[in-house]
Structure formats: structure tokens, C-alpha cells
Amino acid sequence: MSGNMDHFLPLTQFVAELMSPDTEVILYDARARCVFHVINPMDDEMVVGSEMRSLERSFLDDRIYERENFIVNYRALSKHKNKLKSATMFLRDGTGELAAMLTVNVNVDRLVELRDLLNIMVSGQRPYDTQQRTSFYNSFDVSIEGMVSSAIQEELRRYHIDPLRLSQQEKLEIVRNLDQKGIFLVKGAISELAGILQTTETTIYRYLNKLSNME
């Protein structure tokens, strides 16, 4: 089994070399649900043989790998509260079965600070300090269901009105933002949003199709 995992080590090393030292690259053994190799770990618990983190475990539990080859641009907080931009790729063996997962966590704290500085220089204010600021989700201790709910509630808070009073354009914008975050890759996300908006799943799919046609 170790020989099969060794096959993925060059990819792990390539990504780590490509990215900055602020990037944690983790190769998980998907069958054993543990760390096989890690480069630039962000905490002392992330060592070879340690347990797979909760969010990646939920990807397996929800069998997302059966529908997608990867999930990109989800957001998280490290245990030290660093803001992360993250991605996970599902790696398969020669028979097509899931063998490993490659997770890349990029510490974007300095980029966020630079963004805020540019906002101040351009507009004289820090829009990301307002109530509509972008939040980050802790991938280390929240469930995938919790991440979906948090993302939906974050979008709804932007409008400060009851979801039933949202216009069609506002609903379309909510669907667009959630889709860009990859939320609809998660099983049950469309159903949850439809329930909150008191509409049908068919309507949500119609919004997604409309957005696709607009691209």
C-alpha cells in the first residue's frame, strides 16, 4: 500500500515547490484516513500518521469524490487563526479507486492585509471591516454541513431582510456567490438553500442554468 502512495509523492513535492513557504501541502492516505506526507505543516499535530482533519473526512463521508475530481477555493482558519485559501484533489489508483487526497492550504493573511491597504489607498475606507466582510470557515473543526449553512447565512446577511422578501435578482446573486464558492458541490446544499428561500430545488437549478448561460 505504501508503494502505491509513494506514486503521489512527486506531485506533493511539485506543488510545495511551486507555492510559497506559507503553503501547507498534505498528502492523505484516503483508505487509512491519515497523513501520509506533509510539507510546511501549520501546526504540531500535522505529522505523518496523524488523523485526517474533519473537513477532509466529511468529503469522504459525503462521497464527493464520486462526483468531483477536486474542490478548490474553499476557505478556512488554521488552529492559529490564520486565514487560509484551500483546495483538495482526489487521487485515484490504476483501477480508478480513490487512493489519496492532496490538500493545499495557503496562508493568505498577508494578502488580506495588502488588499485592505489597497482599499484604503483607493477608496479611503476598509470595506472588509463592515458587516458584509468575507468570513472564513474553520475546516479543522466544523462539519461540511456547518460550512454550507454558514455560507448560506453569510450571503443572506448581506441583504438585512427576511429571505421571503428577496427579489429574483437578489436570489440569483446569492446563488451566483454560493456557486463560486463551490457550495453546491456538497450534497444537500441545493435542497437546504431551497428550503430557506421557500422555493423548489428546480428553481435553484434554473438559476444555475441561467448563470451558466450568462457566462
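# Briefing: a five-stranded sheet and its helices

With just 1% relative accessibility, Phe59 counts as buried, because the cut-off for that label is under 20%. That residue is a good place to start a tour of this predicted model. Phe59 belongs to helix H3 and makes an aromatic pair with Phe90 of strand E4. From there we can move out to the sheet, the strand E1, the nonpolar cores and a few backbone details.

**Overall make-up**

- The protein contains 8 helices along with 5 strands.
- In sequence order the elements read α-α-β-β-α-β-β-β-α-α-α-α-α.
- Of the 215 residues, 43% are buried.
- Taking contacts between residues at least 6 apart in sequence, 52% connect residues at least 24 apart.
- The exposed area comes to about 11900 Å², and 50% of this is supplied by carbon and sulfur atoms.

**The aromatic group around Phe59**

- There are 2 aromatic pairs in the count.
- One of them brings together Phe59 and Phe90 in an edge-to-face arrangement, with 6.3 Å from centre to centre and 80° between the planes.
- Why does this pair count as edge-to-face? Its planes are 80° apart, and the label applies to angles over 60 degrees, so the pair qualifies.
- The two partners come from distant parts of the chain, since Phe59 sits in helix H3 and Phe90 in strand E4 (residues 83-92), 31 residues apart.
- Phe90 has a relative accessible area of 4%, so this residue is buried as well.
- Tyr65 joins Phe59 and Phe90 in one aromatic cluster.

**The sheet and the helices packed on it**

- What is the order of the strands in the sheet? The 5 strands form an open sheet, ordered E2-E1-E5-E4-E3, and their pairing is antiparallel.
- E2 and E3 are the edge strands, each of them pairing on one side only.
- On average, and ignoring direction, neighbouring strands in this sheet are turned by 25° against each other.
- Helix H2 (residues 9-18) packs on the sheet, where it touches E1, E2, E4 and E5. The direction of H2 makes about 40° with that of E2.
- H3, the helix that carries Phe59, also packs on the sheet, touching E1, E3, E4 and E5. Its direction lies at about 145° to that of E5.

**Strand E1, covered along its length**

- How many residues of strand E1 (residues 23-29) are buried? The answer is 7 of its 7 residues, so E1 is mostly covered.
- In a regular strand, side chains alternate between the two faces of the sheet.
- In E1, Thr23, Val25, Leu27 and Asp29 point one way, while Glu24, Ile26 and Tyr28 point the other way; all are buried.
- E1 runs antiparallel to strand E5 (residues 98-107), and 7 bridges join the two. Thr23 has Val106 as its bridge partner in E5.
- With strand E2 (residues 34-39), E1 pairs in the antiparallel sense through 5 bridges. Here Tyr28 has Val35 as its bridge partner in E2.

**Nonpolar cores**

- Which residues have the most contacts inside the largest nonpolar core? They are Phe184, Leu193 and Ile204, in a core of 39 residues.
- Setting aside neighbours within four places in sequence, Phe184 contacts Val175, Leu178, Asp179, Ala189, Ile190, Leu193, Ile204 and Leu208.
- A second core is separate and has 16 residues, including Phe8, Ile39, Val104 and Val106. Val106 is the residue that bridges to Thr23 of E1.

**Positive phi angles**

- E1 and E2 form a hairpin with 4 residues between the strands, and Arg33 there has a positive phi near 55°.
- Asn40 is not a glycine, yet its phi is positive at about 60°. Asn40 lies in the loop between E2 and helix H3 (54-61).
- Is Asn40 buried or partly exposed? Its relative accessibility of 30% makes Asn40 partly exposed.
- Arg63, likewise not a glycine, has a positive phi of about 55°. Arg63 is placed in the loop between H3 and strand E3 (70-77).
- Arg63 has 43% relative accessibility, so this residue counts as partly exposed.

Note on methods. Residues numbered from 1 in each chain as written. Predicted model: local features only at pLDDT ≥ 70, side-chain atom pairs only at ≥ 80, totals over all residues. Heavy atoms only, no water. Buried < 20%, exposed > 50% of the residue type's maximum accessible area, 1.4 Å probe, protein only. Contact = heavy atoms within 4.5 Å. Areas by Shrake-Rupley, 256 points an atom, 1.4 Å probe, with all protein chains shown as cover. Pairing = 2+ DSSP bridges. Core = buried A, V, L, I, M, F, W, Y, C linked by side-chain atoms within 4.5 Å. Phe/Tyr/Trp six-rings, centres within 6.5 Å; stacked < 30°, edge-to-face > 60°. Axes fitted to C-alpha atoms, helices over the stretch in contact; angles between N-to-C directions.
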